[in-house]
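Student: I'd like a close look at one small part of this model, please. Start with a single contact between side chains, then work outwards from there.

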Amino acid sequence: MHTSAGSRAFLRMAGFDTLHDQNFSDLEIRRIAADEQRIVLTRDRELLKCADVQRGCYVRALKAEEQLKEVAARYGLAARARPFTLCLHCNLPLEPVDKALIAGRLPEQVSQLHESFVRCRGCDRVYWPGSHYDRMRAVLSRALEG
């Protein structure tokens with residue numbers, strides 16, 4: 001899916017492959033969508049009118065959480081969600097990582113409070129279920145309900 005930056009993060013958070021780059025031209029978006037069989041999610045009606053955009057959706061909502069709710073309802077995403085399985089930054093799958101391998105990179109409080117970690121092999125970011133995790137789960141729950 002090609003998305004806006006805000007909804008991209010929420011879609012990735014829910015476990016959906018997304019692609020977004022502010023620097024993509026409409027021509028490039030159309031080519032990538034065709035080559036990779038992607039759905040174009042956009043607020044640009046003219047882009048959706050292009051004959052080579054086979055699958056696309058005009059996203060009416062302005063706020064990212066509402067955009068996720070709209071897209072999830074339209075495409076029935078709730079049943080296929082795999083929350084927290086993709087890197088929010090680079091879209092690659094997250095893998096469990098032993099705490100001992102990353103202990104030197106963790107803030108002291110995080111190291112003391114958490115035992116479960118995942119890492120992205122692409123950008124080497126490390127994630128753990130901290131306080132932000134509960135907030136993100138709440139956002140996903142609201143957006144994917146129904």
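Tutor: Arginine 45 lies over the face of tyrosine 58, at 3.8 Å from the ring centre. A charge counts as sitting over a ring if NZ of Lys or CZ of Arg is within 6 Å of the ring centre and within 35 degrees of the ring normal. Before we go on, keep in mind that this is a predicted model, where local features need pLDDT of at least 70, side-chain atom pairs count only at pLDDT 80 or more, and totals for chains, interfaces and linings use all residues. Residues are numbered from 1 along each chain as its sequence is written, and side-chain values use heavy atoms, with hydrogens and water left out.

Now for the neighbourhood of that ring. Leucine 48 belongs to helix H3 (residues 45–48), and although ten residues of chain separate leucine 48 from tyrosine 58, their C-alpha atoms are 7.4 Å apart. Helices (H or I, at least four residues) and strands (E, at least two) are DSSP runs, numbered from the N terminus. Leucine 48 is partly exposed, since its relative accessible area is 21%; buried means under 20%, exposed over 50% and partly exposed in between, with a 1.4 Å probe and protein chains only.

Move on to the loop between strand S2 (56–58) and H4, and you find lysine 63. Its C-alpha atom is 20 Å from that of leucine 48, with the two positions 15 residues apart along the chain. Lysine 63 counts as exposed because its relative accessible area is 65%. Valine 59 lies in the loop between S2 and H4 as well, but valine 59 is buried, at 6%.

What about another ring contact? Searching the whole structure turns up two aromatic pairs. One of them is phenylalanine 84 with tyrosine 133, a tilted pair with 4.7 Å from centre to centre and 45° between the planes. The rule is that rings of Phe, Tyr and Trp (its six-membered ring) pair if their centres lie within 6.5 Å, and planes under 30 degrees apart are stacked, over 60 edge-to-face, and the rest tilted. This pair ties together distant parts of the chain, 49 residues apart: phenylalanine 84 sits in the loop between H4 and S3, and tyrosine 133 in helix H7. Tyrosine 133 is partly exposed, with a relative accessible area of 24%. Phenylalanine 84 has a backbone quirk too: its phi is near 60°, a positive value in a residue other than glycine.

Both of those rings turn up again at the largest pocket, whose volume is about 260 Å³. Among its 15 lining residues, the closest to the centre are Phe84, Leu94, Val118, Tyr127 and Tyr133. On a 1 Å grid over the protein atoms alone, a pocket is an open set of points with protein on both sides within 12 Å along at least five of seven lines, and a lining residue has an atom within 4 Å of a point. Its volume is the space filled by probe spheres set on the points, which are joined across faces, edges and corners. Helix H7 (residues 131–144) gives the largest share of the lining, three residues. By type, the lining has twelve nonpolar residues, three polar and no charged. Here Ala, Val, Leu, Ile, Met, Phe, Trp, Tyr, Cys and Pro count as nonpolar, Asp, Glu, Lys and Arg as charged, and the others, Gly among them, as polar.

Leu94 leads us to the sheet: leucine 94 has cysteine 120 as its bridge partner in S4. S3 and S4 run antiparallel and are joined by three bridges; strands count as paired if DSSP finds at least two bridges between them. The whole sheet is open, with three strands in the order S3-S4-S5 and antiparallel pairing. S3 and S5 are its edge strands, each pairing on one side only.

Last stop: aspartate 124, in the loop between strand S4 (118–120) and strand S5 (126–127). Its phi is near 65°, again positive in a residue other than glycine, and aspartate 124 is partly exposed, at 35%. Cysteine 123 lies in the loop between S4 and S5 too. Cysteine 123 is partly exposed, at 25%, and its C-alpha atom is 8.7 Å from that of leucine 92, 31 residues away in sequence.

Methods: 1 Å grid on protein atoms, 1.4 Å probe; cavity = no way out; pocket = protein on both sides within 12 Å on 5 of 7 lines; lining within 4 Å.
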